[in-house]
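I sat down with a new structure today and kept a few notes as I went. Here is what I looked up, in the order I got curious.

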Amino acid sequence: MPAAKSAKARKSKTGATKAAKASSAKKGKKQPKSKKSDKDSRPFRFYDNRQNYLAFINTCNEKSAISQRIAKEFQYIQPTPPAFRMFDAGMGDATVLSNTMRYLHHKHPTVPHFIVAKEISMEDVRIGLDKMVDRFSEHPSTILVLTNLNYAEAPKLMPKDVMTANAMNWREIKLEGSHAYNYKEQLESMHDVFAEGWETQTSKVSGNPVFKRPSVFVIYREDHQILLDSVIPRPGMQNWEYDFILASQPWRATTGAKFKAERIIVPLTRALAPGGRLLAIQSCGKDPAQELVKKFWPDYDSLPITRHHILREVKKIMGREARDFNIKEMSDKRSMFKYRMHALPSEIGGASIGTSTLFAAWNAAVYVNQIEDERVEIVLKDGTYLDTTSKVLNKHGGLWFNDETFVISRAK
Ligand SMILES: C[S@@+](CC[C@H](N)C(=O)[O-])C[C@H]1O[C@@H](n2cnc3c(N)ncnc32)[C@H](O)[C@@H]1O
């Protein structure tokens, strides 16, 4: 990237009218709406912001910090026959999952790994599969199951509704050969089959994408089929329980605690094996990123639902059943961890911060706080957002973020 212009130079180019618009945006005044098609005027959807997600993953170390947090959890889990069973409640681009599988191999190199990953986005499935080829190569006794079923049904790999169950698109993919190269070629040649399995339609209720057909794809190495036979899931036959369940950034921040508990955390909790652990991770703010977005939307609480709200609902829903589990809220000190945006030490605090760094910081702050496109668009029209970003970065020596976690474990 060429050397960036100074924030001052950018400011003079943006002009006074734009600054005025931004200041009215800050005060919450209504902006004249641009003409939009029906498609554009639909509400913000969590999974639409792919480019922001991919930019965020590559400019911040959250996914690596999450992987380190997961590794701590594994010291409490002892695998039992026939396999270590993990459920990822939202694979995303599989950065976290592939790191976790790498660590799992390091810790239990000869134990079969049965990994179920739920994902609704075909793009994520495509990117995620690419990260999996090396895993099959290093850890041959891996069974990877990809599914687009919802939270309540995915752990059992079985839709509740009989009609949906009958329409199930269940496939077994046996990887041939013995090198990562062979697996990559084979999986890439099946993109159309995956694309068909992961076709979506828009939910009339939430506006979110929902599957057209329920899909379960079971992937393993053909040369390990006999060894893995008792672990390979078959349609309608399994009732899996999991040693480890990961729910990392699985929801829209402003969705209510009751919904999160009822639709996501409680069904996942019930899928834990004896001694199994569920680790949930979400953004919690009180960091420079939230300080930055507050400069533009001072009255908006971007991350209103804390782990305490969610766990209160979980306990309410589970009632006496909760006694079989250890539901840990933990102190802030134990629950929270920090991660940062990558930046060269020489970049922050100098005469000017590079434009690409400022863009990355702005993107990450707005992304993590899940600010809707409609709100962001108004501010983007004004150049001052980069100056404000620069000030926040200089004040804090960079950009960092807080995530919080909670753990639910089933008694042995
Ligand atoms: C099921 S979730 C999380 C996927 C994966 N478990 C991970 O942590 O990256 C996938 C969606 O969550 C959102 N997401 C991921 N990380 C986020 C973060 N730190 N803050 C806000 N949203 C996030 C993205 O929109 C992404 O499409």
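My entries below go from the whole chain to the strands, then the cores and the ligand.

**Entry 1: the whole thing.** First reminder to myself: this is a predicted model. I looked up the secondary structure and got 17 helices and 12 strands. The protein has 412 residues, and buried ones make up 39% of them. Then I checked contacts between residues at least 6 apart in sequence: 84% of these join residues at least 24 apart.

**Entry 2: strand β2.** Is β2 enclosed or open to the outside? I went through residues 113-118, and six of the six are buried, so the rest of the structure largely encloses this strand. I also sorted the residues by face. H113, I115 and A117 sit on one side of β2, with F114, V116 and K118 on the other, and all are buried. Yes, K118 is on that list too.

**Entry 3: from β1 to β2.** Strand β1 covers residues 84-88 and runs parallel to β2, with five bridges joining the two. One pair I looked up here has R85 opposite F114 of β2. To get from β1 to β2, the chain passes through helix α5, residues 95-107, and this β-α-β crossover is right-handed.

**Entry 4: from β2 to β3.** Next I moved on to β3, residues 142-147, which is parallel to β2 and joined to it by six bridges. Which residue of β3 is the bridge partner of V116? I found V145. The route from β2 to β3 goes through helix α6, residues 122-138, and this β-α-β crossover is right-handed. I also noted that H113 stands opposite T142 in β3.

**Entry 5: β3 itself.** I ran the burial check on β3 and got six buried residues out of six, so this strand is largely enclosed by the rest of the structure. Its faces are both covered: T142, L144 and L146 are buried on one side, and I143, V145 and T147 are buried on the other. β3 also pairs with β7, residues 215-221; those two run antiparallel and are joined by four bridges. There, L146 stands opposite F217.

**Entry 6: the cores.** I wanted to know which residues touch the most other members of the largest nonpolar core. That core has 68 residues, and the answer is I115, V145, I245, A247, I265 and L268. Helix α11, residues 257-270, gives this core its largest share, six residues. I picked I245 for a closer look. Skipping its neighbours within four places in sequence, I245 contacts F87, A89, L268, A271, L272, G276 and L278. There is also a second, separate core of 28 residues, with Y53, M341, A360 and L393 among them.

**Entry 7: the ligand.** How many residues are around the ligand? I got 15, and Y53, G90, G92, S248 and Q249 come nearest. So Y53 turns up twice in my notes: it is in the second core and next to the ligand. By class, I counted six nonpolar, seven polar and two charged residues in the shell around the ligand.

Methods
Residues are numbered from 1 along each chain as its sequence is written. This is a predicted model: local features need pLDDT of at least 70, side-chain atom pairs count only at pLDDT 80 or more; totals for chains, interfaces and linings use all residues. A residue is near a molecule or strand if its C-beta atom, placed from the backbone, lies within 6 Å of it. Ala, Val, Leu, Ile, Met, Phe, Trp, Tyr, Cys and Pro count as nonpolar, Asp, Glu, Lys and Arg as charged, and the others, Gly among them, as polar. A residue is buried if 20 or more other C-beta atoms lie within 10 Å of its own, exposed if 12 or fewer, and partly exposed in between; C-beta atoms are placed from the backbone. Two strands pair if DSSP finds at least two bridges between them. A crossover is right-handed if, with the strands pointing away from the viewer, the path from the first strand over the helix to the second runs clockwise. A nonpolar core is a set of buried Ala, Val, Leu, Ile, Met, Phe, Trp, Tyr and Cys residues joined through C-beta atoms within 7 Å. Two residues are in contact if their C-beta atoms, placed from the backbone, lie within 7 Å.
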